[in-house]
Every structure is written in C-alpha cells, then in structure tokens.
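Let's take a walk through this two-chain structure together. We will begin with a pair of helices, then turn to a sheet, the chains as wholes and the place where they meet.

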Amino acid sequence: MKTVFVEKESYYDSALLMLTSQEVKKTSGVHDATVAMGTAMNLDLLRSLGFDAAALAEATPNDLVIAIDCESAESAKAARAAAKQALSRKAKPATGDATNAAPTSLVAALRDQTDANLAVISLPGAYAAREARKALESGLHVMLFSDNVSLEDEIALKAMSRRKGLLLMGPDCGTAIVNGMPLCFANVVKRGPVGVIGASGTGIQEVTCLIDRAGSGVSQAIGAGGRDLKNERVGGATTLMGIEALADDDETKVIVIISKPPAKAVAEQVVAALERAGKPAVAFFVGATPAPRRTDSVVHFAGNLEETAAMAVALAKGKRYAPRAFSAPETEIEAIVKRETRRVAPSQRYLRGYFTGGTLADEAWIVAHRATGDVHSNNQTDPKFVLADPRRSVGHTVVDLGDDAFTVGRPHPMIDPSARVERMMAERKDRGIAVVVVDVVIGYGSHPDPAGAFAPAVEAMREAAHKRGGYLPVLASITGTAGDPQNFAQQKAKLEAAGCVVMPSNHQACALATKILERIGARRKSRKAGAR
Amino acid sequence: MTEQSRVEPVTALFKSRLSVVNLGLASFADNLAAVGAEVVQVDWRPPAGGDEVVLAALDRIANSEIDVEAANKKAVDILLAAKPTLIDIGVAGEVIPGMTPTTVLHSGPPVTWERMCGPMKGGVIGGLIYEGLAKDRAEAEALAGSGRITFAPCHAYGAVGPMAGIVTAKMPVWIFENVAFGNRAYSTVNEGLGKVLRYGAFSDEVIERLRWIEAELYPVMKKALKRHGPIDMKGVIAQALQMGDEGHNRNRAGTSLIIRELAPTLVQLGEPVERIVRILEFLNANDHFFLNLSMPSCKCALDAARNVKGSSMIVAMARNGTDFGVQISGLGDRWFTGPASMVEGLYLPGYSAKDAAPDIGDSVITETAGIGGFCMAAAPAIVKFVGGSPQDAIAYTTRMYEITLAENAAYQIPALDFRGSPTGVDVRKVVETGILPVVNTGIAHKEPGVGMVGAGLVKPPRNCFRDAVLAFAEAYGAAPASSRSNP
C-alpha cells in the first residue's frame, strides 16, 4: 500500500532528507520510502510513482512529504515515526576523526606543531632519508636514528644540512642529548660543561654516564653516525658542524669526540677544527693507539671510553688527569681475582663477552685482544678473527648482539633482551668458558629491567659451571646514571644477586676479565709444570 | 668542508625547548613526553603506499636541477593573484576562439563519440538539434558518428561546462576575464534542474529553454552587464563562502548574491516587466545558477597558472563520464586519465545507485581552484554528503591542506577560524600522501535526458595522478638513482 503523510511547515535540507529516505527504507515492512519537500518536481515524481494525488495536492514547497510504500498501515506509521525521529535527531557526536587523530605525515604534523625544531626519525632506512630531507626542507634539525640509509643519501642530506645550518645527527645514530633532553637511547645525565660528539650510541652513553658519575655533567651530546668520520666522502660533516656549534656554545667548556678511527684526511680536519675551536678537547678513536699529545695543542687523546670521560672531567675541573686502571685499590682487585678464580676448572680457558652495545663490545674485544692476541668477534677488524658464524662463539669471543645479523626482524637487544638470554643459555654447556663479560645499558629507550631479564641466564651459566665442578666468574658493568628510570641501584643489586661482579665501567670489567684470564693461564702453566 | 658554516641555528637549538616531531618508534615520543619535551607522534605510513616506482620518480623530482618548489610557488601565486571578473555575455561561435558551427565542446578530457557515456551522448544530440544541424535523435546520432562534427574538450577552448558540458556555436556564454593576467574563460548559462541538456536531456522542453535563453535571457543580460559593469567574482565567491556555499554542490548564497547584484540594473533596462519577471524567476528557481559563474571564475584563475616550467600544480581536473583527467602546469596540455568513478552519494526521491552514471563534468574545476569540496567546512548545510556532521566536513577540508601548496586569504572558511581555503593541488603530494582531492559532485542519470538523480562525493582514480607524477619525473627529474650512485 502507498501512503502519504504531509507535515506542514517543516523545512529540511534536501541532503538530510535523502539520508532520511535511506534510513526509513530500513523500517520493517517498508518497500520504498521518499521523504522530501513538497516541491512541484517531487510531487510530480511521487504522482508518477502512484501515490495519491489528492493527498499530495495539499503539500507546498514548505511542507515535508513522507511517502511510504509498505505492507500495512502499521508499517506506514512506523516509517513515519522513523522519519520524524531521523529528522529530529540531535547531532551525533563529532566523528571528524581526521581532525583529532595523529597527523599522518611530517608536513601535517608541522601544521599542528608550528614551533617544532627537531625531527626524530626511526623509520625503515629506505623511507628515512626522504623524511629527513623533508624535515631539513621544513627547517628542522634532524636526528636520524635509522640505519640502512645509503651513503649517497647521507652525503646529500649532510650537504643540505650544512647549507641550511641545521644539525643532521645520524644516520645510524642511537643517542643524543640536546638541551638536557635524552633522545632515543640516552641516559638522564646531569647538565654540565662537557660537550660530546660521538659516532655511535653506546659510546656516547658510556662516556656521558661516566661524566655524570664522576660528578660533572654534559652540555650537549651529538650523535654523528657511524660513517661520519670513517668515510672520506661523508668527511665528518656532522662532527665538524658539531665542533663549530660547541665552540660557540658558552656552556660547553670541554669538547669530546668519540669515533672509530677516522679516515686519515678526516682525522686531520677534526683535529684542526678542535684546535680552531680552542676549547680543551678529548678525542677517543676506538681501537687506535692514542696519539701522543702535542704540547701546543688543546687536543688530548684518550685510550678508552672511561679515560675519555675522566680526562674530560679533569679538564673541565681544571685538574690534572691521573690515569688509573681500576677505581678500587689494587688490593681489592687482587682479592676479587683470587676469589673469582679459585674454583675455576682446568678445562675453562676462554673469555666470552655477550654485549648489547656496539661500542662497548668493541672496547671489550680490543682490550681482550691486546691481552691475548686471539679474540674473535663479529666486530673484529682483523678478518682472521671475524666470527665465521656470529651465532656461534669460538675460543675467546666477544659478540655484539646488536649487529644487523641479529636484529633483522627482531628488536635490538637493548630493547628485547631475549637474544642475549638465548645465546647465554645455549652456551652454558660450553666447558671451555672461563669468564663472561656483559654490559647492561639502561636509560631511556632501553628495556625497563635489563638486569632482571638476563639474571636468570647468568645464574644458569654459573650453575652449569658449578655442576661440572668448576666456577664461572661473570663481570658486568652498568651504563647508566642514578637519574635513569630503571633505577641504577636496583639494577646493580639484581646483578650482584645473580653472582655478577659489577665494575664501575665497561673498561674496568674488561680489564678485570683479562686479569682473570692471565691468572687462570698462569695457574694452568704452573699446574702443567708441576705435572711434569 | 672548509667553508665557514652558519651554526647559529644549532647553538640556538642547544638553548631551545625541544619541540619534536617523531617519525617511527612511538616509545621515543613517550620518553620525550615523560621528560617534558613537546612532542608529536606522526601516524606514519609509507609514502605513495610504498609504491617503489612512484617513490623513485618522486626522488628523481626531488633531486632535479629544476627548483620545483619555486616553480610551484610561482604557479600558486598566479592562482592566488587571479582576479576573475564577469565582463560580458556573448555567443559561443563569435567569442570563443576557434569555435566553428560544427564544433561541439564537451566536459572532461577528450573522448570520441563512440566512447561517450549516455548523458554526454544525450547532450550532444540536444546540442546538434539546438544548432539546427539535426532534426531528431536519429539524425543527430548519425551526424555525431559521421566524423563531420569536431568534438573537443571545453578546457581546450578556455571553457568549462557542468556535467556533459555541451557548448555549441549558437549558445550564449558568460565571458570572464582574469583581469590580473588578461586571459578569458567561458561557460554557458545554467539551465536549471530536472530535464536539462547538461544531464543529457534533449526533449522539446529542453531545446525550447535553450532557445529562450538565447532569445530572451541573453540580450537582456548583455544589456544588464553593460549597464552594471564588470562583476568581481572573487568578491562574490568570498562572500558566498561566508554564507554557507562551497561553490560547487551548494550555490544558493552565490545565486542570491548575483540576483541581488543584478536586480536593480535589470529593472532599469526599460524592458517589459513580464520579461524581467521571467528572467528573475528563472534565476530564482535555480540554486545552481551560480555554478556556471563559479566554474569559469576558477577556470580563468587556473589557466593563468598553466605552463609554469617545473610546476607540479594541477591546473585542471575534469571528467567526461568515461574518463577522469588531470592536467599539470609544467606538463602543458597533456591529459592524464583514469576511468571515471561511480559517485558515493545520496539520491533524490525515487532514484538509487543503480540509476547513476559515472562521474561527469568540468565542475571539479572548483576543487582544482580550492573551493567546492575543498571548502566543505564552509557549507554545513550539505555535510550530509560527507558523513553527517560539521566535524566531518571540517575533517575533509583539513585533509586538503596536506595536498595543497597555499591558503587563499581571499577565500576564508568561518568554521576554521577564517583560515584561507586549501589552494593549488600539488600532484606530488597527492601521490605521496595517498590523499585524493575531495570532489563534490552531482549525480547524473545514466540514461540520457533523465537529469540529476543525486549528489555526493567522488573519489578520482588514483592512476591519473600516478601517471602524471611519472611523466613529471621524465620531464624534469634527475637521472634515475641507479645511474647516479657511482661509487
């Protein structure tokens, strides 16, 4: 049946009416529904559809017409009610999700955040360079955390950043501290006079934390990216710009540079730039023998991460730097060596380092390799000692578990400790292990409880050695500060509860490990001699 | 690296409160927020949907020797500086350069008679009958298919037409001049709703109305415009946007403003009262009278921005019911086309989606110029087309800022705190963000001659923008990356 209702003097927008028609059609028993204003055109159409001409005749363009084709009078009434309800419905809450939702692009974000001054980019490498370019174009400084950015892109981006006077940190830059704000993987470090520029993340973390723990502080920490100084074509672009900026920064009294050994020409430029800056400077080129300091130069060369921090703090305080191997007195170190080697079995000969921080791993294999000349690592620079399979330790091995070989398709071990736990659990059966060195990196970006997460693996390794009739010393250091969210003291307590010897720095942990290896080796020799 | 660098921005950063845009790991943003930095997390998605061919093309454009940003600024500045002005009304064959008695202009990119959709064929038939070149449908169809008729896009002749957009030699056309640059644009007189030529109707009443426009409306309007003087359309459009129009699907305010503007002049012409009454009633009965004025306003503004070397700004979007096409400032008259889409919309009483023809008409020139769907937030009365609430309309307009080059200070949107309309679509941004231009449109019945059956939004086909970016990279881009990186 076809029924017409005319609602006098009820004007509605035609678009709303079209929507209403659609809704009314959903009423049960309704075949078709038209809700429209009584314009001549609409009335003509409804007449042609067979609706009652007499009923339609009373409608004017100011009247609402509800024309229902339905099964019964009841469904007609229901449809009319549905139409009126639809038309009187209060506006639904705004669904304009695009207005409130997060911006979907850098450009859109800049429309909201008009005072933005820094872009932090941790996208897949292929996209990261594009976004970094856009950020520079938009006048932002950039921290490019991503790796897998091509050399060509890095060169182009750094040329652009220099043209614009903007800082481009990275690519493959894990750490920075800018105006007191920790970026990506960084620690809560006291503010102070030392400005740091580093190629790598954990190198910056270790040095800035040690500066903090030595009672000084950091003005700015700039991540330059792994290739910045190493690659001649990149030419130290970020480092050189960082030096200029720290030179102009009143707060910075001492400048620190941490990098793998630079390309020769680049190293000369860096030293020249530091001399131009004129502020006392400390350079540490990981793995290189420190160059002797020229008396006419402001540049001092350090031999390890801890020394880098200590030198910088001494310079900042205007004190002489007094080199020392260990913070604790010699007698205390000797007591630890004795205690930790007493029950080591004769089959136990090798050092194993399980590292989450790349530069910390470098420091470990370099210290141990200098002592033994026989340390394998996936980070080794001598091809003879590069691990054939990074997943398997052989002899003395220091493994960097943050290497690309381990992080494809899974998070970095500083975020997800499971890769290290698995590796340690798998190697606990290795009778040859004599001493284990580990790093624990806390701070922003890192796992909320790295010590707690791998303490069971430490216990399991020590338990396995104990069951074999031996003993396994495990040496650890914590890269972190008292201000870090993980709670430094609790992390230390957890490591000690698991049986670790916690040293004040990675370098001291590594140095202690070589002492332990020497002691074990000496004992083995004397045992052999005695057997003869 | 020996040159002295400017590092002041870096030392300034050292002392600034960090305001960070974070792209990637959300935990980095959370950490920064925890230590009190201002930070916004971008809900990032791979640009261009991760389409590597397009990304390579975009990179080639970015590495181009041509400064595309500067070229785009030039193009959009021309668009913003335009002064579209209604100066006269004339007869198409006399005022449109190149028009012949056998030329039939149509909407959209070029299309052959064989490929034309129903409403466009109907419009052609009506046009040929109106011209006296055919006496009925059969004759008109035979003539249209004979090769003796020159079919061409309106756009190629400086004209624009809604829906089928048919322009033939005897039709009166509005004459617009962009007085800032001197170029002209043309459009026919909007015929009203119902059975009209632009929807493919060609019955006697349609032809009679066209003849009435020619015989009565045209000479009176010509006199009126002469007496009144030029009408600055930029001002009228700006007012209409403040009054709830967006200049494409809603033209009630614009139509009213034009009537208000012309009525005093019309009554002073000394014409018979009943003639003036007929004309005013004709204007008053058709909310979309203004559409045929807003469209050529946009057309003459955009035409001035054509052929800017190195500009990726879109200067025309148009549909013929078969294809959707775009033209790029830096790529001349070349069309990049994709299949015309079906409109997602609401239907007039008695019609549904099954009656609809694919997307058709040059009216998307309004969006191309930054009004229409781009000003959805200005037209709360028609937000039902975009999801129902004014918030939805605001969201649509807000998104358009992501694909446009500038904001038009002359066209302000009250609901956005009088922000200028998003203006000048950069085809690179469309492809990169995946955000398609919002296009409002009417829906034609698929059969010739039935008329409008609804209105709504249409999604342009993505491939025409993609093809345009690839062609742009060919024309202006640096050599492909593979041949550049030479270690």
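## A helix pair in chain B

In chain B, helix 9 of chain B brings V236(B), I237(B), Q239(B) and A240(B) into contact with A253(B), G254(B), L257(B) and I258(B) of helix 10 of chain B. Sorted by class, this contact between helix 9 and helix 10 of chain B holds 6 nonpolar and 2 polar residues, with no charged ones. Please keep in mind as you look around that this is a predicted model.

How do the two helices lie relative to each other? The axes of helix 9 (residues 233-242) and helix 10 (residues 252-267) of chain B come within 8 Å and cross at roughly 130 degrees. Angles of 65 to 115 degrees count as roughly perpendicular and those over 145 as roughly antiparallel, so helix 9 and helix 10 of chain B are oblique to each other. The crossing of helix 9 and helix 10 of chain B is right-handed.

## A helix pair in chain A

Chain A offers another packed pair. Helix 9 (residues 201-213) and helix 14 (residues 358-372) of chain A have axes 5 Å apart and pack at an angle of about 80 degrees. Helix 9 of chain A and helix 14 of chain A are therefore roughly perpendicular to each other. On the helix 9 side of chain A, T202(A), G203(A) and E206(A) take part, and they meet G358(A), T359(A) and L360(A) in helix 14 of chain A. By class, the contact of helix 9 with helix 14 of chain A divides into 1 nonpolar, 4 polar and 1 charged residue.

## A sheet in chain B

Back in chain B, 4 strands build an open sheet with antiparallel pairing, in the order 7-6-3-8. Which strands sit at the edges? They are strand 7 (183-188) and strand 8 (231-232) of chain B, each of which pairs on one side only. Strand 8 of chain B is joined to strand 3 (residues 84-91) of chain B by 2 bridges in the antiparallel sense. Within that pairing, L86(B) has I231(B) in strand 8 of chain B as its bridge partner.

## The chains as wholes

Here are the overall contents and extents of the chains.

| Chain | Helices and strands | C-alpha extent along principal axes |
|---|---|---|
| Chain A | 19 helices, 19 strands | roughly 125 × 60 × 40 Å |
| Chain B | 17 helices, 17 strands | about 80 × 45 × 45 Å |

The radius of gyration adds to this picture. For chain A it is 35 Å, whereas a compact globule of 532 residues would have a value near 24 Å. Chain B has 24 Å, which agrees with the value near 23 Å for a compact globule of 487 residues.

## Where the chains meet

How many residues does the contact take from each chain? Chain A gives 72 residues and chain B gives 59 residues. On the side of chain A that touches chain B, the largest share, 7 residues, comes from helix 6 (residues 106-112) of chain A. The residues of that side of chain A divide into 39 nonpolar, 19 polar and 14 charged.

Strands also pair across the two chains. Strand 4 (residues 118-121) of chain A runs parallel to strand 1 (residues 19-23) of chain B, and the two pair over 4 bridges. Within this region, I121(A) stands opposite L23(B) in strand 1 of chain B.

Note on methods:
Residues numbered from 1 in each chain as written. Chains lettered and ligands numbered in written order. Predicted model: local features only at pLDDT ≥ 70, side-chain atom pairs only at ≥ 80, totals over all residues. Axes fitted to C-alpha atoms, helices over the stretch in contact; angles between N-to-C directions. Parallel < 35°, antiparallel > 145°, perpendicular 65-115°, else oblique. Left-handed = near helix turned anticlockwise from the far one by under 90°. Contact = placed C-beta atoms within 7 Å. Nonpolar A, V, L, I, M, F, W, Y, C, P; charged D, E, K, R; others polar. Pairing = 2+ DSSP bridges. Rg over C-alpha atoms; globule rule 2.2 N^0.38 Å.
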